[in-house]
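Q: I'm new to reading these models. Can we go through one together, starting with whatever terms I need?

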Amino acid sequence: MEIREATADDIDAIRSIAQRSLESTYTEFLDEETVADAIEQWYGDSFADDLEDDHSLILIIERDGEIAGFSQNDLIGQRYDTGRILWLHIDPDHRGGGTGVRLLVRTRERLLDEGADHVQGLVLEDNEGGNEFYADNGFERAGQREVEIGDETFTENVYAEDEIGEEGWGAVDELETDGQTIYVSYGEAARGAKAPFYSAYEGEDREELYGWFCGNCDSLENTMDTMGRIECNNCGNRRKATRWDASYL
């Protein structure tokens with residue numbers, strides 16, 4: 001997977017994915033006219049301005065060279081220290097396999113890098129799957145607000161991250177490798193040159209470390225030396241040493 005910032009060349013794909021996502025998930029509680037209003041309201045002519053806004057962040061996730069989804073985010077507050085995930089849409093053909101979780105994780109990291117000191121996720125109250133997604137990935141409902149779509153007003157749930165304790169942020173994803181289930185903890189990240197490395201565990205209780213998961217190429221084929229250096233054997237992503245070697249003193 002590759003996650004990058006969106007450009008003007010991606011606008012048509014973003015609009016198409018948003019429409020397919022809304023039509024596949026939201027039509028249980030939104031009629032066709034409201035879905036059309038939503039697409040025009042958020043991804044019409046004004047969307048190009050969002051891409052240029054210094055306090056807006058639109059991220060694209062690609063799988064095998066094809067755009068699989070996107071997140072639409074902004075920074076608000078007097079000091080722009082609140083990061084909000086306004087929409088996170090995954091194309092129905094690419095759902096599953098951790099695509100949404102990976103995009104959520106990288107979106108959170110980028111908002112923090114841009115100056116946010118906390119991150120919120122917004123999802124319509126009637127979107128059962130969307131609410132479960134945030135609840136399953138380290139967020140808890142913190143409030144509600146009203147949002148207008150066309151001529152109608154809807155209730156939107158506001159999710160905030162659970163407090164990060166000793167076990168780290170709560171987003172954990174299951175991966176199958178060599179017939180074994182591995183649990184990747186996205187709250188335990190080590191900065192790499194290309195993307196973070198995440199702790200991977202043999203059990204859901206996260207007691208026995210299996211290794212490291214490369215956030216750049218999704219590989220578990222990584223090595224760590226006694227100095228804490230991590231290198232991905234697949235893409236060359238690297239983490240520098242975490243402590244001094246006495247031979248260099």
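A: Sure. One term to begin with: strands here are DSSP runs marked E of at least two residues, numbered from the N terminus. Keep in mind that this is a predicted model.

Q: Ok, so what stands opposite Ile-230 in strand 14?

A: Arg-239 does. Ile-230 belongs to strand 13, residues 230-232, and strands 13 and 14 pair in the antiparallel sense over two bridges.

Q: What order do the three strands of that open sheet take?

A: The order is 12-13-14, with antiparallel pairing.

Q: And why is one side of strand 12 left without a neighbour in the sheet?

A: Strand 12 (222-224) stands at an edge and has a single partner strand, so one of its sides has no neighbour in the sheet. Strand 14 (238-239) is also at an edge, with a single partner strand.

Q: New topic. Where does Asn-137 lie?

A: Asn-137 is in the loop between helix 5 (128-136) and strand 6 (139-149).

Q: Is Asn-137 buried or exposed?

A: Buried, because its relative accessibility is 4% and the cut-off for buried is under 20%.

Q: What does its side chain reach at 2.8 Å?

A: The side chain of Asn-137 reaches the backbone oxygen of Phe-133.

Q: Now confidence. What's the mean pLDDT of the protein?

A: The mean is 86, and 92% of the residues reach 70 or more. Strand 3 (residues 66-76) has the highest confidence, at 95, while strand 8 (residues 172-177) has the lowest, at a mean of 78.

Q: Which residues stay under 50 in pLDDT?

A: Residues 243-249 do, and the model has six contacts for them beyond four places in sequence. Where pLDDT is low, predicted coordinates should not be read in detail.

Terms used: Residues numbered from 1 in each chain as written. Predicted model: local features only at pLDDT ≥ 70, side-chain atom pairs only at ≥ 80, totals over all residues. Heavy atoms only, no water. Pairing = 2+ DSSP bridges. Helix = DSSP H or I, 4+ residues; strand = E, 2+ residues; numbered from the N terminus. Buried < 20%, exposed > 50% of the residue type's maximum accessible area, 1.4 Å probe, protein only. Polar contact = N/O pair within 3.5 Å; in protein donor to acceptor, adjacent residues only side chain to side chain. pLDDT = per-residue confidence, 0-100. Contact = heavy atoms within 4.5 Å.
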